[in-house]
Amino acid sequence: TVARAVIDFIYYASFASHSTETLRRLQDALDTFHQNKQVFIDHHIRTHFRIPKIHMMEHYVALIRSKGSADGFNTELSERLHIDCAKEGYRASNKKNYTQQMIKYLTRHEAIDAFKSFLAWTTDHRTDTSTYSDSDSQMSDDISDNESDRAADIAIPLLSSHSTKWQLAKEPPYPHVSLQFLKDKHGAVDIVPALTTYLATKVPGSRVTPSNYDLVDVYAKISRFLLSPQRLTDETQKDSVRATPFRHERKQVIPQHFDTALVHDDLEAEDVGLKGYRVARVRVIFRLPDWFHCDHTLAYIEWFRQIGEPNEPLRMSPVSYATREGRHHAAIVPIHLILRSCHLTPKFGRQRNATWTAENVLDKCSDFFLNSHLSIYMFQMCDGDFVLEDNT
């Protein structure tokens with residue numbers, strides 16, 4: 001609870017824009033930390049919490065209300081000033097009675113900087129004076145140019161046009177792979193019936209019935225750049241979804257990577273919140289031959305059940321594999337329905353299964369939590385699904 005509260009506080013404090021509700025959640029995270037921090041003292045991990053940074057957390061809400069969001073602030077400014085005002089001055093001294101020498105060093109450098117600023121101002125002033133006596137026609141041209149510049153500035157959108165489409169390798173790294181190979185190596189045991197269903201319902205122009213001997217082009221991963229859900233900056237985060245089996249490279253065994261992702265499952269899906277999305281595990285990313293008349297890239301996925309309500313104290317949503325007739329519920333979807341990758345945390349229970357590893361936990365475990373703290377992008381997306389209790 002304490003660790004989750006601190007992470008919540010950090011993420012909320014990093015928001016580029018705040019509302020009354022987000023500030024309330026920020027204060028709630030801080031209150032939760034103070035209510036539960038005694039556990040560290042009881043277990044002799046710490047003796048006190050008289051730490052300046054923790055004290056500073058008390059002022060975040062008031063400072064954000066008066067000064068604005070804190071996403072543009074960091075400790076780099078003070079670090080840079082420490083170099084200029086302390087380290088450089090100390091290095092220039094003879095290391096004896098250095099305080100007075102450091103003061104004299106800074107005073108002289110400030111005087112030099114002030115004189116440089118004065119020289120720069122006089123140079124600019126002379127340039128402005130020489131160009132002031134231009135003709136009225138030139139001035140009118142300048143005014144019209146300035147007006148066109150302002151019009152151009154207004155036309156610039158707030159966000160730069162980053163592509164949000166999934167990107168693939170120019171050439172498939174694994175061309176002409178049989179569906180039987182995908183069943184054996186990728187674990188896509190139901191790829192033939194799932195592909196048959198997809199072609200019958202989504203590609204009416206296709207008259208080909210898939211079989212184990214059909215060859216497809218397989219891709220190792222898809223990548224895209226994610227925009228912040230708040231859409232207030234042009235900052236992006238690169239995201240990838242991998243689907244690769246165990247393989248040998250240069251006498252080394254490369255573990256499998258069948259990533260989990262959020263997939264559109266309902267037309268009500270939006271950029272913020274998990275409504276309309278389901279978790280799925282991506283087993284294969286592939287393209288069909290031309291004679292299937294399917295011109296888009298597909299993914300073979302294994303569905304999880306509908307995302308549950310976030311629970312306390314983790315504030316993470318429970319998910320578990322969806323099954324049909326005792327097998328994982330598989331389907332074929334176009335990759336444009338995949339929103340982003342996601343991270344699942346196993347539901348360990350009272351005892352951890354010693355056989356679980358990072359490579360096999362998705363195969364051996366069936367119940368998970370959706371990790372909403374993977375990144376600030378994921379945190380912002382999942383934030384709207386948790387409702388705070390009214391403590392007033």
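In this predicted model, strand β4 (residues 236-244) pairs with β7 in the antiparallel sense over 2 bridges, where pairing requires that DSSP find at least two bridges between the strands and where helices (H or I, at least four residues) and strands (E, at least two) are DSSP runs numbered from the N terminus. Within β7, His-257 is the bridge partner of Thr-244. The open sheet to which these strands belong has 3 strands in the order β3-β4-β7, with antiparallel pairing, and its edges are formed by β3 (221-227) and β7 (257-258), each of which pairs on one side only.

Residues are numbered from 1 along each chain as its sequence is written. Local features need pLDDT of at least 70 and side-chain atom pairs count only at pLDDT 80 or more, whereas totals for chains, interfaces and linings use all residues; side-chain values use heavy atoms, with hydrogens and water left out.

The largest nonpolar core (buried Ala, Val, Leu, Ile, Met, Phe, Trp, Tyr and Cys residues joined through side-chain atoms within 4.5 Å; buried means under 20% relative accessible area, with a 1.4 Å probe and protein chains only) has 22 residues, and those with the most contacts inside it are Ile-191, Phe-286, Leu-288, Tyr-300 and Ile-332. At least two residues of this core are supplied by each of α9 (179-185), α10 (191-202), β2 (215-219), β9 (277-287), β10 (298-303) and β14 (330-334), and α10 provides the largest share, 6 residues. Another core, of 21 residues, lies apart from it and includes Leu-274, Phe-304, Leu-344 and Leu-362.

In helix α1 (residues 2-13), the buried residues include Val-2, Phe-9 and Tyr-12, and the buried residues of α1 pack against α2 (20-36), α3 (38-42), α5 (60-67) and α12 (376-383), contact being heavy atoms within 4.5 Å.

Technical notes: Buried means under 20% relative accessible area, exposed over 50%, partly exposed in between (1.4 Å probe, protein chains only).
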